[in-house]
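Here are my notes on the model below. Please read them with the coordinates open.

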Amino acid sequence: MPHIRSASAARRLVRAGALLALAGAPGLAALAQTGQPLPPGPTGTPMTVHGNIEGPSRLAIVQVCEPAGNCQLSFVDTLKQDDIAELVRSYRGQGRPGTDPSVTVLALCAGNWVAAVQARAEPQPAQGMVCGYPTELDALRQAFAACDQQLGRPCAAEPQTQVSWGKWDGRHLPGRDQAPGKLYTVWDQDGAKVCTLQAGQPVSCNAQAADVLRRAGLVR
């Protein structure tokens, strides 16, 4: 069975991409393959686009921050005409004044490989979330690199880390029809792979998925 590599071996080099720094949200990072840079949004955070997003469906990576200051990265299924921030807030329902979260769109993608990493780290969890990469190995390495950079140490070496990934064809995102604005942190579309890494323990997932992680250099 594959096992997690040492902390030094788990750290991966970051290929050319756009790192989106999440101001006020330590422990979170999002990456999208370098595409068209867009002007900063109202919060001053730049947004990265990958692929031809002129089609009807777009996968977005958003940062949602509660008034108390805790933030989380999530995927959200969107359509071209959507106001993504408003879509997310509408799904959550209108709360008392001052309780609505801030929603920042960090990346838009029109297909290709997607990956998400969540590490149960101390003093706080860490995430890495990517979209628009040409291969699953690229997406996995970048997601872990983003998580590592924000945590300051390899997420793969934490007591428990979940990684999910898959390929989106750029066409239809069922969540937009079923629950517009719903956020999700695990990639669970058709053909998705999900693995749990625990330091010093066998990787918890099927042999095919574990082999992909091994080829990406994340486990041995």
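Which residues do ring pairs link into a cluster? The answer is in point 2; the ground rules come first.

1. Basis. This is a predicted model, in which local features need pLDDT of at least 70, side-chain atom pairs count only at pLDDT 80 or more, and totals for chains, interfaces and linings use all residues. Residues are numbered from 1 along each chain as its sequence is written, and side-chain values use heavy atoms, with hydrogens and water left out.

2. Aromatic cluster. Phe-75, Tyr-184 and Trp-187 are linked into a cluster by ring pairs. Rings of Phe, Tyr and Trp (its six-membered ring) pair if their centres lie within 6.5 Å; planes under 30 degrees apart count as stacked, over 60 as edge-to-face and the rest as tilted. The whole structure, when searched, yields three aromatic pairs. In one of them, the ring centres of Phe-75 and Trp-187 are 5.6 Å apart and the planes stand at 75°, so this pair is edge-to-face. Phe-75 belongs to strand 6 (residues 71-79), while Trp-187 sits in the loop between helix 4 (174-178) and strand 11 (193-197), so the pair ties together parts 112 residues apart in sequence. Tyr-184 and Trp-187 also pair; this one is tilted, with 6.3 Å from centre to centre and 35° between the planes.

3. Burial of the cluster. Are these rings buried or exposed? Both Phe-75 and Trp-187 are buried. The cut-offs are relative accessible area under 20% for buried, over 50% for exposed, and partly exposed in between (1.4 Å probe, protein chains only). Trp-187 has 0% relative accessibility and therefore counts as buried. Tyr-184, at 14% relative accessible area, is buried too.

4. Overall make-up. The chain has five helices and 11 strands. Helices (H or I, at least four residues) and strands (E, at least two) are DSSP runs, numbered from the N terminus. Of its 220 residues, 49% count as buried. Take the contacts between residues at least 6 apart in sequence: 68% of them join residues at least 24 apart. Contact here means heavy atoms within 4.5 Å.

5. Helix 3. How far apart are the end C-alpha atoms of helix 3? They are 23 Å apart, which agrees with the 22 Å that its 16 residues (136-151) should span at 1.5 Å a residue. The expected span is 1.5 Å times one less than the number of residues. Of the 16 residues in helix 3, 13 are buried, so the helix is mostly covered. Gly-152, just after helix 3, takes a positive phi of about 85°.

6. Helix 3 against helix 5. The axes of helix 3 and helix 5 (residues 207-215) come within 9 Å and cross at roughly 70°. Helix 3 is therefore roughly perpendicular to helix 5. Helix 3 contributes Glu-136, Leu-137, Leu-140 and Arg-141 to the contact, and helix 5 contributes Val-212, Leu-213 and Arg-215. These contact residues divide into four nonpolar, no polar and three charged. Axes are lines fitted to C-alpha atoms, for helices over the stretch in contact, and angles run from 0 to 180 degrees between N-to-C directions. Angles under 35 degrees count as roughly parallel, over 145 as roughly antiparallel, 65 to 115 as roughly perpendicular and the rest as oblique. Ala, Val, Leu, Ile, Met, Phe, Trp, Tyr, Cys and Pro count as nonpolar, Asp, Glu, Lys and Arg as charged, and the others, Gly among them, as polar.

7. Backbone points to check. Most residues other than glycine have a negative phi, and most peptide bonds are trans. Asn-112 is not a glycine, yet its phi is positive, about 90°. Asn-112 is found in strand 8 and is partly exposed, at 23% relative accessible area. Glu-122 and Pro-123 are joined by a cis peptide bond, with omega about 10°. Pro-123 is in the loop between strand 8 (112-119) and strand 9 (126-133), and at 78% relative accessibility it counts as exposed. Pro-123 and Leu-151 are 28 residues apart in sequence and 9.6 Å apart in space, C-alpha to C-alpha.

8. Ala-119. This residue also lies in strand 8. Ala-119 is buried, with a relative accessible area of 2%. Its C-alpha is 6.6 Å from that of Glu-158, which is 39 residues apart from Ala-119 in sequence. Beyond neighbours within four places in sequence, the contacts of Ala-119 include Cys-147, Cys-155 and Glu-158.
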